[in-house]
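Please work through the exercises below with the sequence and the model side by side. Each one sets a task and then solves it step by step.

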Amino acid sequence: GANPGDWRIHYKYGKLLAEDMKDYKAAADEYRTVVGIIGHSHMGYESLGAVLRALGDIRGMMEQYEQALERKPTSVDALYYLGWGHQKQGRLPDAERYYRRVIQLRPAHAPAYNNLGEVLYKQNRLEDAVQACRDGLAVDPNNAILHSNLGVLLDKLGFREEAIRQLHTAERLDPNSARIKAVLKDILKQN
């Protein structure tokens, strides 16, 4: 069998394969070895979840993050990506629950606020979605995506001037974003 200390070698090699070489399949094999050696730890499961996400295997990713969460219930990464997985699969109340737990554990996690806003929007809870964006901007005022999403929401609620201000802020923060430019152009051409 493998020497229990070898997990670090497989972990570091998996990280090299995933991050530097973008060879997610080979990285997944290394992380499966890590899980086989130190199955009591959340680390291998989180890393395997990340590469399965990169490979587009949402179900496999979620299984790994659920395993990580069993081992470390406060794993912000596992909670966030379980929320993301539920969101991708259209299970919006589940996604909302995971994102709210992320925010509870790490109040400065701007991506969780953004995704929470998107989930609330898709449930037609526009005021709640606006609040999620505003809360996210309170912790990350230079987040162009949050400004952009807030602008879209405010426009839908009839607050056109503030919507345009938010979108101009988003454009200033991320001048190369084609999405932000398109949204702003679309709102400006409305009467």
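**Exercise 1: Charges and rings**

The charged end of R97 sits over the ring of Y98, 5.2 Å from its centre, where sitting over a ring means that NZ of Lys or CZ of Arg is within 6 Å of the ring centre and within 35 degrees of the ring normal. The model is predicted, so local features need pLDDT of at least 70 and side-chain atom pairs count only at pLDDT 80 or more, while totals for chains, interfaces and linings use all residues. Residues are numbered from 1 along each chain as its sequence is written, and side-chain values use heavy atoms, with hydrogens and water left out.

Task: find which residue lies over the face of Y81, and then which residues form one aromatic cluster.

Solution. Start at Y81, where R53 lies over the face of the ring at 3.9 Å from the ring centre. Next, take the aromatic pairs, in which rings of Phe, Tyr and Trp (its six-membered ring) have centres within 6.5 Å, with planes under 30 degrees apart counted as stacked, over 60 as edge-to-face and the rest as tilted. The whole structure holds six such pairs. One of them joins Y80 and Y81, which are edge-to-face, at 4.9 Å centre to centre and 85° between the planes. The rings of Y80 and Y99 have centres 5.7 Å apart and planes at 50°, so this pair is tilted. It links distant parts of the chain, since Y80 is in helix α5 (residues 76-88) and Y99 in helix α6 (residues 92-105), 19 residues apart; helices are DSSP runs (H or I, at least four residues), numbered from the N terminus. Finally, the cluster consists of Y65, Y80, Y81, W84 and Y99.

**Exercise 2: Burial in the cluster**

Task: decide whether Y80, Y81 and Y99 are buried or exposed.

Solution. The cut-offs come first: buried means under 20% relative accessible area, exposed over 50% and partly exposed in between (1.4 Å probe, protein chains only). Y80, at 10%, is buried, Y81 is buried at 19%, and Y99 is buried with a relative accessible area of 0%.

**Exercise 3: Salt bridges**

Task: locate the partners of E63, E162 and K181 in their salt bridges.

Solution. A salt bridge is a side-chain nitrogen of Lys or Arg within 4 Å of a carboxyl oxygen of Asp or Glu, and the whole structure contains ten of them. E63 meets R59 at 3.7 Å, N to O; both lie in helix α4 (residues 58-71), four residues apart, about one turn of the helix. Of these two, E63 is partly exposed at 40%, whereas R59 is exposed at 62%. E162 meets R134 at 3.0 Å, N to O. Because E162 lies in helix α10 (residues 160-173) and R134 in helix α8 (residues 126-139), the pair ties together parts 28 residues apart in sequence. K181 bridges to E171, with the closest N and O atoms 3.7 Å apart, and this pair links helix α11 to helix α10 across ten residues. In addition, E96, R100, R125 and D128 are linked in a network of salt bridges.

**Exercise 4: A charge without a bridge**

Task: explore the surroundings of E46, a residue of helix α3 (residues 42-54).

Solution. E46 is buried yet has no salt bridge, and the nearest side chain of opposite charge, K72, is 5.7 Å away; here Lys and Arg count as positive and Asp and Glu as negative, while His and the chain ends are not counted. Leaving aside neighbours within four places in sequence, E46 is in contact (heavy atoms within 4.5 Å) with Y65, A68, S75, D77 and A78.

Key. Helix = DSSP H or I, 4+ residues; strand = E, 2+ residues; numbered from the N terminus.
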